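Here is a short briefing to read alongside the model. Take a look at the structure first, and then we can walk through it together.

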Amino acid sequence: MIKQAVVASGLKPGLAVVLVGEDPASQVYVGAKGRKAEELGFHSVQHTLSAATSEADVLALVRALNADPAIHGILVQLPLPGHINAAAVLETIDPAKDVDGFHPINVGRLAIGEPERALISCTPAGCLLLIKRAVGRPLAGLDALVIGRSNIVGKPMAQLLLQESCTVTIAHSKSRDLAALARRADILVAAVGRPEMVRGDWVKEGAVVIDVGMNRIPAPERGAGKTRLVGDVAYTEASLRASAITPVPGGVGPMTIAMLMANTLTAACRAAGIQPPHF
Ligand SMILES: Nc1nc(=O)c2c([nH]1)NC[C@@H]1CN(c3ccc(C(=O)N[C@@H](CCC(=O)O)C(=O)O)cc3)C=[N+]21
């Protein structure tokens with residue numbers, strides 16, 4: 001779907017990914033993003049800097065990418081090493097190239113209900129698309145519960161659902177009786193980072209369940225020292241009640257990468273003064 005839109009636009013969207021340090025898990029994500037970008041015919045560049053790189057050098061690279069007309073999207077992989085002020089780096093990215101949607105300008109545009117001028121955080125944007133497809137009619141009036149209040153997922157997810165006129169509840173570690181809140185939800189988004197915390201009997205019959213969790217847990221059955229990836233939802237139990245549910249892996253993660261590409265195409269279209277496609 002994105003591929004057709006790229007071809008139709010006649011543009012070559014450019015995505016720059018900046019990785020500071022050699023965290024192996026980060027390298028896996030960055031590799032997957034680069035492969036997808038190339039598959040779609042994007043101009044794709046990766047800057048891998050040593051973990052000892054100074055903040056000034058990261059800022060200088062971001063400024064150079066801001067000024068590069070072949071680059072439409074800039075992603076600085078988080079987390080950054082402790083000696084680098086992540087907020088300073090994110091605020092240096094040109095908001096028009098901020099394909100992660102983490103710059104306060106883009107966060108603000110989402111909050112004031114101007115999503116058509118913003119770039120929206122990829123994971124919640126992808127979750128909203130999945131929810132809309134699963135529900136198949138306007139979301140207005142539905143009860144939505146977002147578990148988790150991070151800047152990257154929980155808060156923007158709640159904003160997007162509010163924009164769709166859902167009745168939105170945001171729950172977090174201090175919330176009381178999460179199970180009761182969950183049982184009322186027509187739309188349940190779990191983004192807390194606790195393996196299989198959402199049980200099957202928390203799920204309302206017919207609810208749409210979106211699992212943002214990416215928890216790596218020990219899997220001795222696969223051999224000594226091996227791990228497996230599980231979400232925040234007990235999938236098998238929850239799938240007996242849900243009308244639609246995303247698995248982990250193979251759900252929100254790949255959708256996040258797809259939305260990163262969609263945001264890069266959107267940024268390229270805006271830079272060229274043409275109407276971005278609607279996903
Ligand atoms: N500035 C920034 N933007 C990000 O978007 C960002 C980031 N920093 N830091 C790290 C997290 C993590 N993240 C993932 C995206 C896709 C999968 C994904 O596709 N996962 C596969 C499974 C991969 C596996 O098996 O390990 C799946 O869910 O099917 C995972 C993780 C983006 N992140």
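**Domains, ligand shell and helix packing**

In this predicted model, the protein chain is split into domain 1 (2-112 + 255-272) and domain 2 (138-248). Taken over C-alpha atoms, the centres of domain 1 and domain 2 are 27 Å apart. Helix α10 is a good guide to the rest: α10 gives the most to the shell around the ligand, and α10 also packs with α2 and comes within 10 Å of α1, axis to axis.

**Around the ligand**

- There are 18 residues around the ligand, and those that come nearest are Gln77, Leu78, Pro249, Gly253 and Thr256.
- Two or more residues of this shell come from each of the elements α2, β3 (73-76) and α10.
- The top contributor to the shell is α10, with 4 residues.
- Both domains take part, as domain 1 (2-112 + 255-272) and domain 2 (138-248) each supply at least three residues to the shell around the ligand.
- By class, the shell around the ligand holds 13 nonpolar, 4 polar and 1 charged residues.

**α2 against α10**

- Helix α2 (residues 24-39) packs with helix α10 (residues 252-272) at an angle of about 50°, and their axes are 10 Å apart.
- Because of that angle, α2 is oblique to α10.
- The crossing in which α2 passes α10 is right-handed.
- On the α2 side the contact is made by Ala32, Lys33, Lys36 and Ala37, and on the α10 side by Ile257, Leu260 and Met261.
- Sorted by class, this contact of α2 with α10 has 5 nonpolar and 2 charged residues, with no polar ones.

**α1 against α10**

- Helix α1 (residues 2-9) and α10 have axes that come within 10 Å and cross at roughly 15°.
- Angles under 35 degrees count as roughly parallel, so α1 and α10 are roughly parallel to each other.
- Here the handedness is left: α1 passes α10 in a left-handed crossing.
- From α1, the residues Ile2, Ala5, Val6 and Ser9 meet Ala258, Met261, Ala262, Leu265 and Cys269 of α10.
- The contact of α1 with α10 comprises 8 nonpolar residues and 1 polar residue, with no charged ones.

**A residue to look for**

- Which α10 residue should you pick out when viewing both contacts? Met261 is one of the α10 residues in the contact with α2, and Met261 is also among those that α1 meets.

Terms used: Residues numbered from 1 in each chain as written. Predicted model: local features only at pLDDT ≥ 70, side-chain atom pairs only at ≥ 80, totals over all residues. Axes fitted to C-alpha atoms, helices over the stretch in contact; angles between N-to-C directions. Parallel < 35°, antiparallel > 145°, perpendicular 65-115°, else oblique. Left-handed = near helix turned anticlockwise from the far one by under 90°. Contact = placed C-beta atoms within 7 Å. Nonpolar A, V, L, I, M, F, W, Y, C, P; charged D, E, K, R; others polar. Near = placed C-beta within 6 Å. Domains from an automatic or database assignment.
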